[in-house]
Amino acid sequence: MLAETKLLSLSKSKFLFNNIILLRNISISTANNAKDNYKLVVVGGGGAGLNISSRFVRKLGKTNVAIIEPSEWHLYQPGWTLAAGGVKNPDSFRRPQSKLIPSGVDWIKAKASVFEPESNSITLDNGEKVKYDYLVMATGIRIDFDGVKGLKEAMANDEQVVSMYSHETVKNVFPAIQRYKGGNAIFTFPKVPIKCPGAPQKVMYLAEDYFRKNGVRDKGDVYYCTTIPAIFGVKKYAEALMEVVKKREIKLNTLTHLIEIDYKNKQAVFEKLDKPGTTFRLDYSLLHVCPPMKPFDEIKNSPLVDETGYVDLDKYTLQHKKYPNVFGIGDCTNLPTSKTAAAIAAESSILATNLGNLIKGKNPSEAKYDGYTSCPLITGYGKTILAEFDYDGKPLETFPINQGKERRTMFHLKSDFMPILYWTAFVRGYWGGPGIYRKILNIFSFGKN
Ligand SMILES: Cc1cc2nc3c(=O)[nH]c(=O)nc-3n(C[C@H](O)[C@H](O)[C@H](O)COP(=O)(O)OP(=O)(O)OC[C@H]3O[C@@H](n4cnc5c(N)ncnc54)[C@H](O)[C@@H]3O)c2cc1C
């Protein structure tokens, strides 16, 4: 009887919950009846866009903020490494945008095609125009599967050529790792910039660990082929990772650029960047490719970008260099830091202060971004080095312990805690990075580095 009552109240609350979600959806689904002018328009509904629109709808009130975002789904991309390693189901990292766009924000379900910042106007791909007083650019970066000759054909025809870099393809990675029975397992890193520069090696460490645990590690070689001159861009963590690479007998090829995949002969073709024009081929029995990444064409062709195609910002204030009522955040910007969700969290509090000030007629340069970014470098099942650093590559570690060591606690932080933090606080604009906790916790750290 008690169980039945509990079940009944559970299904009642589920019913109520579903209907609240439904009501909430109706209030935000204003796709084709957008207002002519918004106080603030945010372009892009990734982590950066959701965080910022959540913060500003609380400041500016309902119907004053709009998000322009064409996609039905929001993707928690930091989870793809865990999905590739078979730790989590990729579907758990995807949620409908309708459930994430903050209440009170108008969702303009379209793509922003033409930007006219001189007249504060954006033309959508359906031909409609949206005007704004203030604009935040948060359009992310495009993963270019056409950027390596033969990659798409290889992925379609050879189940051992895989890439975790989309919701559709990440699910193929772990089965390919499981099928590996020997030969060369190759993991590639393209030319920069890419989002989360640690990710291409995280999947490699998980695969290598899996091979070891399943008795096939001695049946072949594991290669990491990267275009940069070192395993990682920050000295402290590069040294720690080199220890891992040596201990695990991983073959590191630096300044090595994947240019073509010849799946019919099961070979990857590389160019040596220190010897232009020199190429070589490597046989593979597993090939994981991190494709090159680019700004989206609509952004690259807009007046908002620098010569590289990224939104041109003051690196400290996040305000546009030419258009003072425009700010930017996240992967689409030219901020010279690693493109990560962790960086976005820290950027979001700076942007909220400075844009908030500008709207109130106060100083838009009050808060200064130090380039904080973070990369939880998974080095195996249950092992992670938590890299955190600033614009100068100086470690900015949150915990009062040496984060350059492989730790199980950091693995659980990455795999269990961070997804919860993302869905409950980050996309709702309640997480602005660990700066305050770092200050408190590091009172207790003495000479840890
Ligand atoms: C495999 C992998 C592992 C990662 N691991 C980590 C990690 O461990 N830790 C970490 O902090 N970060 C990690 N990252 C990086 C992190 O996921 C990204 O930095 C972050 O998601 C970028 O958010 P964003 O909002 O800038 O861009 P996105 O999430 O890409 O969102 C951009 C949005 O803009 C929309 N858009 C694009 N063009 C237009 C347009 N013209 N008009 C309207 N909308 C548009 C897109 O549809 C998209 O929804 C990882 C990334 C990957 C791929």
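These legends go with close-up views of a predicted model.

**View 1. An aromatic cluster built from five residues.** Y76, F93, Y422, W423 and F426 come together here as one aromatic cluster. The structure as a whole holds 13 aromatic pairs. In the pair made by Y422 and W423, the ring centres sit 5.2 Å apart and the planes are at 85°, an edge-to-face arrangement. Both residues are tucked away: Y422 is buried, and W423 is too.

**View 2. Y422 and F426, a stacked pair in helix α11.** The two ring planes are at just 15° with the centres 4.9 Å apart, so this pair counts as stacked; the cut-off for that label is planes under 30 degrees apart. Helix α11 covers residues 408–426, and because Y422 and F426 are four residues apart in it, about one helical turn separates them. What are the relative accessible areas of the two partners? Y422 comes out at 6% and F426 at 4%. Both values are under 20%, the limit for calling a residue buried, so Y422 and F426 each get that label.

**View 3. Two charged side chains over ring faces.** Which residue lies over the face of W73? That would be R94, at 3.7 Å from the ring centre. Elsewhere, K339 does a similar thing with Y310: the lysine lies over the face of the tyrosine, and the distance to the ring centre is 4.6 Å.

**View 4. Polar contacts to ligand oxygens.** Three residues are picked out for this panel. Q77 uses its side chain, placing an N or O atom 3.0 Å from an oxygen atom of the ligand. G47 and A48 go through the backbone instead: an N or O atom of G47 is 3.3 Å from a ligand oxygen, and one of A48 is 3.0 Å from a ligand oxygen. On its own the ligand has 1,000 Å² of accessible area, and the protein covers 93% of that.

**View 5. The shell around the ligand.** Pull back a little and you get 35 residues around the ligand, of which E69, A112, D331, A342 and K414 come nearest. Sorted by class, the shell has 17 nonpolar residues, 11 polar ones and seven charged ones. Which elements give two or more residues to it? They are α2 (47–60), α3 (80–84), α7 (199–213) and α10 (341–359). The top contributor is α10, with three residues.

Notes
Residues numbered from 1 in each chain as written. Predicted model: local features only at pLDDT ≥ 70, side-chain atom pairs only at ≥ 80, totals over all residues. Heavy atoms only, no water. Phe/Tyr/Trp six-rings, centres within 6.5 Å; stacked < 30°, edge-to-face > 60°. Buried < 20%, exposed > 50% of the residue type's maximum accessible area, 1.4 Å probe, protein only. Lys NZ or Arg CZ within 6 Å of the ring centre and 35° of its normal. Near = heavy atom within 4 Å. Polar contact = N/O pair within 3.5 Å; in protein donor to acceptor, adjacent residues only side chain to side chain. Areas by Shrake-Rupley, 256 points an atom, 1.4 Å probe, with all protein chains shown as cover. Nonpolar A, V, L, I, M, F, W, Y, C, P; charged D, E, K, R; others polar.
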